[in-house]
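Let's take a friendly walk through this structure, one topic at a time. Keep the 3D view open as you read.

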Amino acid sequence: MNYKKIKIALGLIISLPFLMLLCWFVSPKQKLVIAIVDKTVLDQKGQEHISLNWILNHHKYAKNKTEGYKIERDYYGFFPKDDEQFSIRGLERFSPSQLAKLSEDADLAYFTDTYGIYNKEWYQQKNDQRSSGILYGGLSNRDLAFIKLMKDKKKLIITEFNTIGSPTSPEIRTQFESLFGMKWSGWTARYFNSLDTNINKELPVWMVKNYKAINKNRWPFKKSGIVFVSELDQIVILEDSTHLAHSMPYILSTPSAQHQFGLPEKIKYPFWFDVIIPNEKINIIDAKFNLSLNASGIAALKKFGIPPSFPAVLRQNAASPKFYYFSGDFCDNPISLTTSYFKGISFFKFLFYDTEDPMERNSFFWNFYKPLITNILKTEQMNQRN
């Protein structure tokens with residue numbers, strides 16, 4: 001046995017994290033000015049925009065020559081403090097001239113979440129009702145004005161799940177839909193690995209209550225499934241075996257999107273998403289949600305006018321697209337910012353998720369969101385240089 005070679009190998013393994021950190025540290029910053037909007041921030045962890053910040057930090061994107069993006073500071077929206085205190089620093093406080101200046105300074109806008117914060121959720125730290133009086137949230141007139149300015153200047157706009165859902169007003173929603181050739185169906189949905197209320201304590205109380213209210217106080221579900229919720233609080237449930245051959249929703253990427261963005265052909269998605277109806281004369285569908293519907297599942301959706309297939313990633317139909325809409329809560333993944341400081345960490349991504357766990361979302365971050373956003377930002381930087 002060659003002990004010398006073993007010692008060298010062990011030394012390399014032990015020193016590898018330090019070398020990865022050093023490589024990250026000495027790599028140069030890249031200036032990219034991003035206006036991030038997040039109205040759903042319950043704590044300073046910034047869960048609703050953490051995935052974006054991971055990528056910005058990992059690739060050392062900076063808002064100026066020296067400063068990178070801080071997750072607890074560099075966004076517009078709701079800012080939590082201690083003892084149920086908060087401040088609101090959204091685009092609503094901007095004058096028209098300030099919005100115009102921001103649209104000049106920003107290279108792109110990213111609306112990660114506009115759902116907002118509700119009174120009971122904030123003051124009592126509970127979420128047993130779908131709505132309990134809104135504290136702050138919804139796409140505002142000022143948000144829309146900023147989006148229009150960015151669009152007029154042909155700058156990149158990225159939006160996600162619930163940008164135009166509740167509590168955004170119908171008037172603002174309609175204007176947004178007209179701007180970008182898409183329409184929200186009024187439905188959102190999510191996969192649950194168990195619909196049994198005795199087993200899954202994370203089932204929203206309001207969801208069960210609303211279903212029972214129109215179904216003779218019955219909740220007969222015991223297996224996994226997908227729950228659709230309308231803006232009118234209608235509930236449609238697709239249960240494994242009864243309505244679905246396989247209950248997990250999957251995202252299928254087109255061959256061109258696989259090539260352009262480095263996306264996998266197929267990936268599971270066990271979190272919130274919304275049902276968008278696109279105008280395909282204006283937009284391209286790069287990825288779509290696939291539900292394994294049987295005849296009963298198809299009939300259940302048809303009864304409520306829900307299409308059996310709908311976009312997951314939508315973009316402007318142009319050689320250099322300037323608008324993206326992600327129909328899932330893509331930026332919300334339970335990842336650690338610490339890993340973003342290590343150059344080449346993607347080679348070890350398999351260490352950060354458990355494929356046996358149907359509810360884990362880290363694999364979605366590493367295999368779908370990270371390559372998607374990385375390639376969008378890289379393309380944007382190349383376009384700016386040309």
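## An exposed asparagine and other backbone details

Let's begin with Asn 217, which is exposed, with a relative accessible area of 58%. The cut-off for that word is a relative accessible area over 50%. Asn 217 sits in the loop that runs between α7 (205-213) and β11 (225-230). Its backbone deserves a look too: Asn 217 is not a glycine, yet its phi is positive, at about 60 degrees. Please keep in mind throughout that this is a predicted model.

As background, most residues other than glycine have a negative phi, and most peptide bonds are trans. Ser 241 is another residue other than glycine with a positive phi, here near 75 degrees. You will find Ser 241 in the loop between β12 (235-239) and β13 (244-253), and with a relative accessible area of 47% it counts as partly exposed. There is also a cis peptide bond, which leads from Ser 166 to Pro 167 and has an omega near 10 degrees. Pro 167 belongs to the loop between β9 (156-160) and α6 (170-180).

## A nonpolar patch on the surface

Which residues form a nonpolar patch on the surface? They are Leu 16, Phe 18, Leu 19, Leu 22, Phe 25 and Val 26, and together they have about 600 Å² of accessible area.

Leu 19, one of the patch residues, is part of helix α1 (residues 3-26). Its relative accessibility of 38% makes Leu 19 partly exposed. Leu 19 can also be paired with a residue far along the sequence: Phe 342 is 323 residues away in the chain, while the two C-alpha atoms are 8.4 Å apart in space.

## Two asparagines across the chain

Asn 317 offers another pairing of this kind. Its C-alpha atom is separated by 4.6 Å from that of Asn 283, and the two residues are 34 apart along the chain. Asn 317 lies in the loop between β17 (309-316) and β18 (323-326), where it is partly exposed at 43% relative accessibility.

## A pocket and a cavity

Rolling a probe the size of a water molecule over the atoms shows where empty space is left. The second largest pocket has a volume of about 270 Å³. It is lined by 15 residues, and the closest to its centre are Asn 57, Gly 68, Tyr 69, Lys 70 and Tyr 341. Helix α2 (residues 50-58) contributes the most to this lining, with three residues. Sorted by class, the lining of the second largest pocket has seven nonpolar, four polar and four charged residues.

How many cavities of 30 Å³ or more are there? The count is two, and the largest has a volume of about 70 Å³. Ten residues line the largest cavity, with Pro 321, Tyr 324, Ile 376, Thr 379 and Asn 383 closest to its centre. Helix α10 (residues 362-385) gives the most to this lining, namely four residues. The classes in the lining of the largest cavity are four nonpolar, four polar and two charged residues.

## Salt bridges

Side chains of opposite charge can pair when their charged atoms come close. The structure holds 14 salt bridges. One of them joins Lys 101 to Asp 105, with 2.6 Å between the closest N and O atoms. Why are these two separated by about one helical turn? Because they are four residues apart in helix α3 (residues 96-105). Asp 105 is partly exposed, at 39% relative accessible area.

Lys 153 and Glu 104 also meet in a salt bridge, at 3.9 Å from N to O. Lys 153 is in the loop between α5 (141-152) and β9 while Glu 104 is in helix α3, so the pair ties together parts that are 49 residues apart in sequence. Lys 153 counts as partly exposed, at 29% relative accessibility.

Lys 322 pairs with Glu 380, the closest N and O atoms being 3.1 Å apart. Here the loop between β17 and β18 holds Lys 322 and helix α10 holds Glu 380, so this salt bridge ties together parts that are 58 residues apart in sequence. Are the two partners buried or exposed? Lys 322 is buried, with a relative accessible area of 17%, and Glu 380 is buried at 6%. Finally, Lys 63, Glu 67, Arg 73 and Asp 74 are joined into one network by salt bridges that share partners.

Definitions and conventions
Residues are numbered from 1 along each chain as its sequence is written. This is a predicted model: local features need pLDDT of at least 70, side-chain atom pairs count only at pLDDT 80 or more; totals for chains, interfaces and linings use all residues. Side-chain values use heavy atoms; hydrogens and water are left out. Patches are made of residues with over 30% relative accessible area and no salt bridge: like charges are joined within 9 Å, nonpolar side chains (Val, Leu, Ile, Met, Phe, Trp, Tyr) within 5 Å. Accessible areas come from the Shrake-Rupley method with a 1.4 Å probe; for residues, only the protein chains shown count as cover. A salt bridge is a side-chain nitrogen of Lys or Arg within 4 Å of a carboxyl oxygen of Asp or Glu. Buried means under 20% relative accessible area, exposed over 50%, partly exposed in between (1.4 Å probe, protein chains only). On a 1 Å grid over the protein atoms alone, a cavity is a set of points where a 1.4 Å probe fits but cannot get out, and a pocket is an open set with protein on both sides within 12 Å along at least five of seven lines; lining residues have an atom within 4 Å of a point. Grid points are joined across faces, edges and corners, and a volume is the space filled by probe spheres set on the points. Ala, Val, Leu, Ile, Met, Phe, Trp, Tyr, Cys and Pro count as nonpolar, Asp, Glu, Lys and Arg as charged, and the others, Gly among them, as polar.
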